[in-house]
Each structure stands twice: as C-alpha cells, then as structure tokens.
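The exercises below concern charged side chains and the fold that holds them. Try each task before reading its solution.

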Amino acid sequence: MPRAPEEWEEQKFTLGVPLLRCDDFEQIVDIILNPTATGKYITLKNRLISTYQESDHRQLQKLLGGLELGDSKPSQLLRKMRDHCGKLLIDEALQVIWLN
C-alpha cells in the first residue's frame, strides 16, 4: 500500500535530521523543538537553503570580481558565470562580460 505524502514528509524529516552537522542545528533548533503539524521536511529544507544559499548580490560580486578561464574551456567558464549571476543579468550583458 503506497504511503501518504504526509508519511513521506515525516520519514524524510526523521531520517534527515540526524545527518545534519552541529552548525546546522543552530539554524534549525526552533523547527526541531516546535515542529509544524505538516510539512516538517519542507520547512527544514527551506530554512537550510535560505541560510546557506549565497545571496544574489554575493554571486554577482563573484562574477564581476573575476572568474577566470584557467584550465577550463570557454564554454565551461560561461556556464559557471551563468550559475553565479542567476537571473540578475540578461544573457547579452553576461556575454559581454564573458568576452572580456
């Protein structure tokens, strides 16, 4: 018999929490001590993503600060630049930076 989505959420939460590092617990202690009735895993996942994801501003700084070609192919550099800028720059602006 297939499990209900709530059961999957509960299982992912229960299995995922012990895998976290001590530093992570500082960010999610409130979620563990007072979990929501539903959506525990999604709440946990969203908190960790928002805590550790680089801001758009920081990613753009890295892009403009000088990603270098190094041993990469030009297409690999462009892909890395696209990853850093997200949707902050239109493709034409990104190509100008890439060509420089």
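**Exercise 1. The chain as a whole**

What percentage of the contacts in the chain with a separation of 6 or more comes from residues 24 or more positions apart? State also the secondary structure and the share of buried residues.

Solution. The model is a predicted one.
- Residues 24 or more positions apart account for 43% of the contacts with a separation of 6 or more.
- The chain has six helices and zero strands, which gives the pattern α-α-α-α-α-α along the sequence.
- Of its 100 residues, 17% count as buried.
- About 7,700 Å² of the chain is exposed, and carbon and sulfur atoms supply 56% of that area.

**Exercise 2. The salt bridges**

How many salt bridges does the structure hold? Find the partners and the burial of each.

Solution. There are three salt bridges.

Step 1. Glu10 pairs with Lys40, with 2.9 Å between the closest N and O atoms. Glu10 belongs to helix H1 and Lys40 to helix H3 (residues 40-52), so this pair ties together parts that are 30 residues apart in sequence. Glu10 is partly exposed because its relative accessibility is 34%. Lys40, at 15%, counts as buried.

Step 2. Arg47 forms a salt bridge with Asp30, and here too the closest N and O atoms are 2.9 Å apart. Arg47 sits in helix H3 and Asp30 in helix H2 (residues 22-33), so the pair links parts that are 17 residues apart in sequence. Arg47 has 27% relative accessibility and counts as partly exposed. Asp30 is also partly exposed, with a relative accessible area of 36%.

Step 3. Asp24 forms a salt bridge with Arg21, the closest N and O atoms being 3.4 Å apart. With 7% relative accessibility, Asp24 counts as buried.

**Exercise 3. A charged residue without a partner**

Which side chain of opposite charge is nearest to Glu9, and how far away is it? Decide whether the pair qualifies as a salt bridge.

Solution.

Step 1. Locate the residue: Glu9 lies in helix H1, residues 5-16.

Step 2. Find the candidate: Lys12 is the nearest side chain of opposite charge, 4.1 Å away.

Step 3. Apply the cut-off: a salt bridge needs a side-chain nitrogen of Lys or Arg within 4 Å of a carboxyl oxygen of Asp or Glu. Glu9 is therefore left with no salt bridge, although it is buried.

Step 4. List the surroundings: apart from neighbours within four places in sequence, Glu9 is in contact with Gly39, Lys40, Tyr41 and Ile42. Among these, Lys40 has its salt bridge with Glu10.

How values were computed:
Residues are numbered from 1 along each chain as its sequence is written. This is a predicted model: local features need pLDDT of at least 70, side-chain atom pairs count only at pLDDT 80 or more; totals for chains, interfaces and linings use all residues. Side-chain values use heavy atoms; hydrogens and water are left out. Helices (H or I, at least four residues) and strands (E, at least two) are DSSP runs, numbered from the N terminus. Buried means under 20% relative accessible area, exposed over 50%, partly exposed in between (1.4 Å probe, protein chains only). Lys and Arg count as positive and Asp and Glu as negative; His and the chain ends are not counted. Contact means heavy atoms within 4.5 Å. Accessible areas come from the Shrake-Rupley method with a 1.4 Å probe; for residues, only the protein chains shown count as cover.
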